[in-house]
Amino acid sequence: IRRPNARKISEKKNWGPASKGLAPRVFAVDDLSADGSLRTLYRPKNKRIIDYAGEKVRNSVSLEREIRYLKRGHIWCFKLNRLYVRDAAVGGNIARYINHACKPNCYTQIVGETIWIIAARNIKSGEELTYDYGKDYFDIFLKPIGCQCDKCREKRKAERAEKRAKK
């Protein structure tokens, strides 16, 4: 369900390293035009981009579903409050494909029962949308395999170059 103040975004598939081939990366783009070209949009700072849609379920139900989802390699559950979770695998929208970044260009804000993805800074046309999934998610899922956000990849690349220079 699209909220009235949310601007439309569509998925522009890019199976780059940040997604590790599991899901398309989401870029700041408008819907496809009639001729099939992408109309990109500028996203001003602190503006709502899209709501994180999905079925509202109790935490206990979400935990059961997450066990099943882990087998498939995707978890699209976003904690709404201490009692409820939004499960984007059921009734979700493109917002579920927004990737994690340690230095993101978006942040989340919960207003009532709506989870908004909001621009943390001015976002250029065609730029990938990212937000920080939080410390718990990072420690459990990303730290063991290495974070794939641009900031962390650049840091690892610089560390490797430094090691080579010392040899």
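**Entry 1. Burial and overall layout**

I count a residue as buried when its relative accessible area is under 20%, as exposed when it is over 50%, and as partly exposed in between. I note at the outset that the model is predicted. With that cut-off, buried residues make up 38% of the 167 residues in the protein. I then looked up the secondary structure, which comes to 3 helices and 10 strands. Reading along the sequence, I recorded the pattern β-β-β-β-α-β-β-β-β-β-β-α-α.

**Entry 2. Salt bridges**

I turned next to charged pairs. Side chains of opposite charge can pair when their charged atoms come close. How many salt bridges does the structure hold? I found 7 salt bridges.

I looked at Glu113 and its partner Lys56, whose closest N and O atoms are 2.5 Å apart. Glu113 sits in the loop between strand 8 (106-111) and strand 9 (114-119), while Lys56 belongs to strand 4 (residues 55-58), so this salt bridge ties together parts that are 57 residues apart in sequence. I noted a relative accessible area of 43% for Glu113, which is therefore partly exposed. Lys56 also counts as partly exposed, at 30% relative accessibility.

I then examined the salt bridge of Asp87 with Arg65, in which the closest N and O atoms are 2.7 Å apart. Because Asp87 lies in strand 6 and Arg65 in helix 1, the pair ties together parts that are 22 residues apart in sequence. Are these two partners buried or exposed? Asp87 has 0% relative accessibility and so counts as buried. Arg65, at 14% relative accessibility, counts as buried too. I also recorded that salt bridges with shared partners join Glu55, Arg65 and Asp87 into one network.

A further salt bridge that I looked up links Glu127 with Arg121, and the closest N and O atoms there are 2.3 Å apart. Arg121 is partly exposed, because its relative accessibility is 36%.

**Entry 3. Aromatic pairs**

A pair of aromatic rings is described by the distance of the centres and the angle of the planes. I found 5 aromatic pairs in the structure.

How are the rings of Trp76 and Tyr97 arranged, and what makes the pair edge-to-face? Their centres are 5.6 Å apart and their planes stand at 80°; an angle over 60 degrees counts as edge-to-face, which is why I entered the pair under that heading. The pair links distant parts of the chain, 21 residues apart. Trp76 is in the loop between helix 1 (59-72) and strand 5 (77-79), and Tyr97 is in the loop between strand 6 (84-87) and strand 7 (99-100). I noted both Trp76 and Tyr97 as buried.

I next looked up Tyr131 and Tyr133. The centres of their rings are 5.2 Å apart and the planes are at 50°, so I recorded this pair as tilted. Tyr131 counts as buried, at 6% relative accessibility, whereas Tyr133 counts as partly exposed, at 28%. I also found these two tyrosines in one aromatic cluster, formed by Tyr52, Phe78, Tyr131, Tyr133 and Tyr137.

**Entry 4. A charged patch on the surface**

Which residues gather in a patch of positive charge on the surface? I listed Lys157, Arg160, Lys163, Arg164 and Lys167. I took Arg164 from this list and placed it in helix 3 (residues 150-166). Arg164 has a relative accessible area of 56%, so it is exposed.

**Entry 5. Arg48 and Asn46**

I located Arg48 in strand 3 (residues 48-51). At 29% relative accessibility, Arg48 counts as partly exposed. I checked its separation from Ala120, a residue 72 residues away along the chain, and recorded 9.8 Å between the C-alpha atoms of Arg48 and Ala120.

Where does Asn46 lie? I placed Asn46 in the loop between strand 2 (38-40) and strand 3. Asn46 has a positive phi of about 65°, although it is not a glycine. I entered Asn46 as partly exposed, because its relative accessibility is 46%.

How values were computed. Residues numbered from 1 in each chain as written. Predicted model: local features only at pLDDT ≥ 70, side-chain atom pairs only at ≥ 80, totals over all residues. Heavy atoms only, no water. Patch = residues over 30% accessible without salt bridge, like charges linked within 9 Å, V, L, I, M, F, W, Y side chains within 5 Å. Areas by Shrake-Rupley, 256 points an atom, 1.4 Å probe, with all protein chains shown as cover. Salt bridge = Lys/Arg side-chain N within 4 Å of Asp/Glu carboxyl O. Lys, Arg positive; Asp, Glu negative; His and termini not counted. Charge placed at Lys NZ, Arg CZ, Asp CG, Glu CD. Helix = DSSP H or I, 4+ residues; strand = E, 2+ residues; numbered from the N terminus. Buried < 20%, exposed > 50% of the residue type's maximum accessible area, 1.4 Å probe, protein only. Phe/Tyr/Trp six-rings, centres within 6.5 Å; stacked < 30°, edge-to-face > 60°.
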